[in-house]
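Open your viewer, switch on the cartoon view and get ready to click around. We'll go stop by stop, and at each one you'll select something and see what is there.

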Amino acid sequence: MAATNTKSVLFVCLGNICRSPIAEAVFRKMATDAGVVDKWRIDSAATSNYEIGKPPDYRGQACMKNHDVPMRHVARQVTKDDFMSFEYILCMDDSNFSELERRANLVKNNQAKIELLGSYDPQKQRIIKDPYYGREEDFEKVYEQCVRCCKAFLEMNS
């Protein structure tokens, strides 16, 4: 686990180029604005190996730029160590959740609490849909959902 005073969150989606890097960037900015970013370890990862080493999708980057949210990330896959070192692993949909649960069962010292990021949505939209095959407005919707969910998650964990 991370240091006692440090909390940790890993955001996870299928490829780690759309939803999870948006959630990571949104949460990092919120924690920074709240003056608590130094108390958090924040990252994102993928359940798949499809996009490892790639930057976030250009549409997600444009969306973040429009909202003045800094985004710097290179896609990576979830590792066994992630289950032992992150307090929370927040994923985007039921498929991500099932895959993370399956992998967590293979890790002897699993410490992570695996949840849907959407479970924190005050508007009760549990699933954050993959915008990859969509348009710019789909990335905007992901951003808006991440803002609502990350705000609620941060408030519950501050």
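**Stop 1: the surroundings of α4**

Select α4 and show what packs over it: the cover on its buried residues includes β1 (7–13), α1 (19–33), α3 (80–85), β3 (88–91) and β4 (113–116). Keep in mind on this tour that you're looking at a predicted model.

Now colour the buried residues of α4 itself, a helix that covers residues 94–104. They are Asn 96, Leu 100, Arg 103 and Ala 104. Turn the view until you look down the axis of α4: these buried residues fall within an arc of 100°, so they line one face of the helix.

Before leaving, zoom in on the start of α4. Here a side-chain oxygen of Asp 93 comes to within 3.1 Å of the backbone nitrogen of Ser 95.

**Stop 2: the strands**

Next, select β1 and β2. They pair in the parallel sense, over seven bridges. To follow the pairing, click Ser 8, which stands opposite Arg 41 in β2, and then Cys 13, which stands opposite Ala 46 in β2.

Add α1 to your selection. Together, β1, α1 and β2 form a right-handed β-α-β unit.

Now bring in β3. β1 pairs with β3 too, in the parallel sense over four bridges. Click Leu 10 to find one of the partners: its bridge partner in β3 is Ile 89.

How many of the seven residues of β2 are buried? Six are, so β2 is largely enclosed by the rest of the structure. β1 is mostly covered as well, with six of its seven residues buried.

**Stop 3: Trp 40**

Select Trp 40, which sits in strand β2 (residues 40–46). Is Trp 40 buried or exposed? Its relative accessible area is 9%, and buried means under 20%, so Trp 40 counts as buried.

Show what surrounds it. Beyond its neighbours within four places in sequence, Trp 40 is in contact with residues including Thr 6, Ser 8, Phe 27, Ala 31 and Leu 154. Try the distance tool on Ser 8: it is 32 residues from Trp 40 in sequence, but their C-alpha atoms are 5.4 Å apart in space.

**Stop 4: the nonpolar cores**

In soluble globular proteins, nonpolar side chains tend to be buried together. Let's look for that here.

The largest nonpolar core has 35 residues, and those touching the most other members are Val 9, Phe 11, Ile 22, Phe 27, Trp 40, Met 64 and Leu 117. Two or more residues come from each of β1, α1, β2, α2 (58–66), β3 and α5 (136–156). Which element gives the most to this core? Select α5, which supplies nine residues.

Then click Val 9. Setting aside neighbours within four places in sequence, its contacts include Phe 27, Trp 40, Ile 42, Leu 90 and Phe 153. There is also a second, separate core of 14 residues, with Phe 83, Phe 86, Ile 89 and Ile 114 among them.

**Last stop: a loop**

Finish at Val 74, in the loop between α2 and α3. Not counting residues up to four places away in sequence, Val 74 touches Asn 16, Gly 53 and Lys 54. Use the distance tool once more, from Val 74 to Ser 95: they are 21 residues apart along the chain, and their C-alpha atoms are separated by 22 Å.

Note on methods. Residues are numbered from 1 along each chain as its sequence is written. This is a predicted model: local features need pLDDT of at least 70, side-chain atom pairs count only at pLDDT 80 or more; totals for chains, interfaces and linings use all residues. Side-chain values use heavy atoms; hydrogens and water are left out. Buried means under 20% relative accessible area, exposed over 50%, partly exposed in between (1.4 Å probe, protein chains only). Contact means heavy atoms within 4.5 Å. The arc is that of the directions from the helix axis to the C-beta atoms. A polar contact is a pair of N or O atoms within 3.5 Å; within protein, one must be able to donate a hydrogen and the other to accept it, and residues adjacent in sequence count only if both atoms are side-chain atoms. A nonpolar core is a set of buried Ala, Val, Leu, Ile, Met, Phe, Trp, Tyr and Cys residues joined through side-chain atoms within 4.5 Å. Two strands pair if DSSP finds at least two bridges between them. A crossover is right-handed if, with the strands pointing away from the viewer, the path from the first strand over the helix to the second runs clockwise.
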